[in-house]
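Work through these exercises with the model open. Try each task before reading its solution.

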Amino acid sequence: MLTANAYAAPSATEDLIPTTIERRDVGPHDVLIEIKFAGICHSDIHTVRGEWGPQQYPLAPGHEIAGIATEVGSEVTRHKLGDRVGVGCMVNSCRECANCLKGEEQYCLAGNTGTYGAVDRDGTITQGGYSTHVVVTEDFVVRIPDALELDVAAPLLCAGITTYSPLRHWGAGPGKKIAVVGLGGLGHMAVKIAHAMGAEVTVLSQSLKKMEDGLQLGADHFHATSDAGTFETLAGTFDLIINTVSAPIDISSYLQLLSLDGALVNVGAPAEPLPVNVFSLILGRRSFAGSAIGGIRETQEMLDFCAEHGLGAEIEVIPADRINEAYERVLASDVRYRFVIDTATMK
Ligand SMILES: [Zn+2]
Ligand SMILES: [Zn+2]
């Protein structure tokens, strides 16, 4: 066993504190990663606070992990010592169900193994990336291309793939009109990636406060959803709308913005059910869908795409002792656009 420094929540109601956690011995198919940077995702906050179900504590969150492979098991073939590597939202799956065999491990029918707060194969609870080291089976470790710095690459492992996957699946590209609802951690990556894919990109944000940012990130248009005129002006416009907002929004009004056969895809996850007026689906053969991260093969494809187009996340790097403060700022939408923990400050 290896002891790693970490930041973990002792309970659902306490701040994260510095501590140590145990990592398993490096098995024949495992990679030991010295974590350099870990992104802070909104999901981390929901999970450690028990808002998405009860957890076992202490719990170290973090599923946007970038680092260096410092030890590889005897049978590892995909990675070697010194490789720049990343780990996202899952660290294993059953590998034999129909979805795993398609390379869509995130939809494993037996449930994928989450990077933190999940029961691992050995029965222990997984601990995430707010830590100096992690041991992960090689098939769930991806390669970070040299063209991407590790700090701006870390958020790609959740925010990047969560937006890349639906953009690919629903065919974002030249000639397609894409709207991104919400310009936060996920939204800013959706704008960058959709723009790089060649689509015409519109940001739909509550106000025009982030307009300058949005246009700089690659958006062609920017509209405020607080302005009722926006919904009239843009009716029937978009081939695809990516909704990154995890608070409830009026889905039926957004569906009216889709063109024939358009799709509104939720990647944000509100806790409450969202009512949908079925007429807004029927009239225009529209779809209302959801999407979760991406498979491992697609995650690698996303990293290679981002490297090729020079896309990293917009980040604010913080030392570990500012994680709790960062949580409050994430909840207040006061970050442009992702906090990334420098794990060297955990020593
Ligand atoms: Zn996440
Ligand atoms: Zn499976």
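The exercises below concern a predicted model.

**Exercise 1. State how the chain is divided into domains, and describe where the domains touch.**

Solution.
- Start with the bounds. Domain 1 covers 2–158 + 313–346, and domain 2 covers 160–290.
- Next, take the centres over C-alpha atoms. They are separated by 28 Å.
- Now list the contacts. On the domain 1 side 13 residues take part, and they meet nine residues of domain 2.
- Finally, sort the domain 1 side by type. Seven residues are nonpolar, three are polar and three are charged.

**Exercise 2. Find the largest nonpolar core and inspect the surroundings of I178.**

Solution.
- The largest nonpolar core holds 97 residues.
- I33, I178, V180, A194 and I241 have the most contacts inside this core.
- Both domains feed the core: domain 1 and domain 2 each give at least three residues.
- Now centre on I178 and set aside neighbours within four places in sequence. Its contacts include A172, A194, F238 and L240. E200 and D239 are also among them.
- As background, nonpolar side chains tend to be buried together in soluble globular proteins.

**Exercise 3. Place N5 and decide whether it is buried, exposed or partly exposed.**

Solution.
- N5 sits in strand β1, residues 2–8.
- Count the other C-beta atoms within 10 Å: there are 19. A buried residue needs 20 or more, and an exposed one has 12 or fewer. N5 is therefore partly exposed.
- Look for partners distant in sequence. S131 is 126 residues away along the chain, yet the C-alpha atoms of N5 and S131 are 5.5 Å apart.
- Other contacts of N5 include P18, T20 and M346.

**Exercise 4. Compare D261 and I293 by phi, location and burial.**

Solution.
- Phi of D261 is positive, near 70°. Phi of I293 is also positive, near 25°.
- D261 lies in strand β14, residues 258–266. I293 belongs to the loop between β15 (287–290) and α10 (296–308).
- D261 is exposed because it has 10 C-beta neighbours inside 10 Å. I293 is buried because it has 27.
- Most residues other than glycine have a negative phi.

**Exercise 5. Check the peptide bonds from Y57 to P58 and from R336 to Y337.**

Solution.
- Y57 and P58 are joined by a cis bond, with omega about 0°. P58 is in the loop between α1 (42–48) and β4 (65–72).
- The bond from R336 to Y337 is cis too, with omega near 0°. Y337 falls in the loop between α11 (323–331) and β17 (338–342).
- Most peptide bonds are trans.

Methods. Residues numbered from 1 in each chain as written. Chains lettered and ligands numbered in written order. Predicted model: local features only at pLDDT ≥ 70, side-chain atom pairs only at ≥ 80, totals over all residues. Core = buried A, V, L, I, M, F, W, Y, C linked by C-beta atoms within 7 Å. Domains from an automatic or database assignment. Contact = placed C-beta atoms within 7 Å. Nonpolar A, V, L, I, M, F, W, Y, C, P; charged D, E, K, R; others polar. Helix = DSSP H or I, 4+ residues; strand = E, 2+ residues; numbered from the N terminus.
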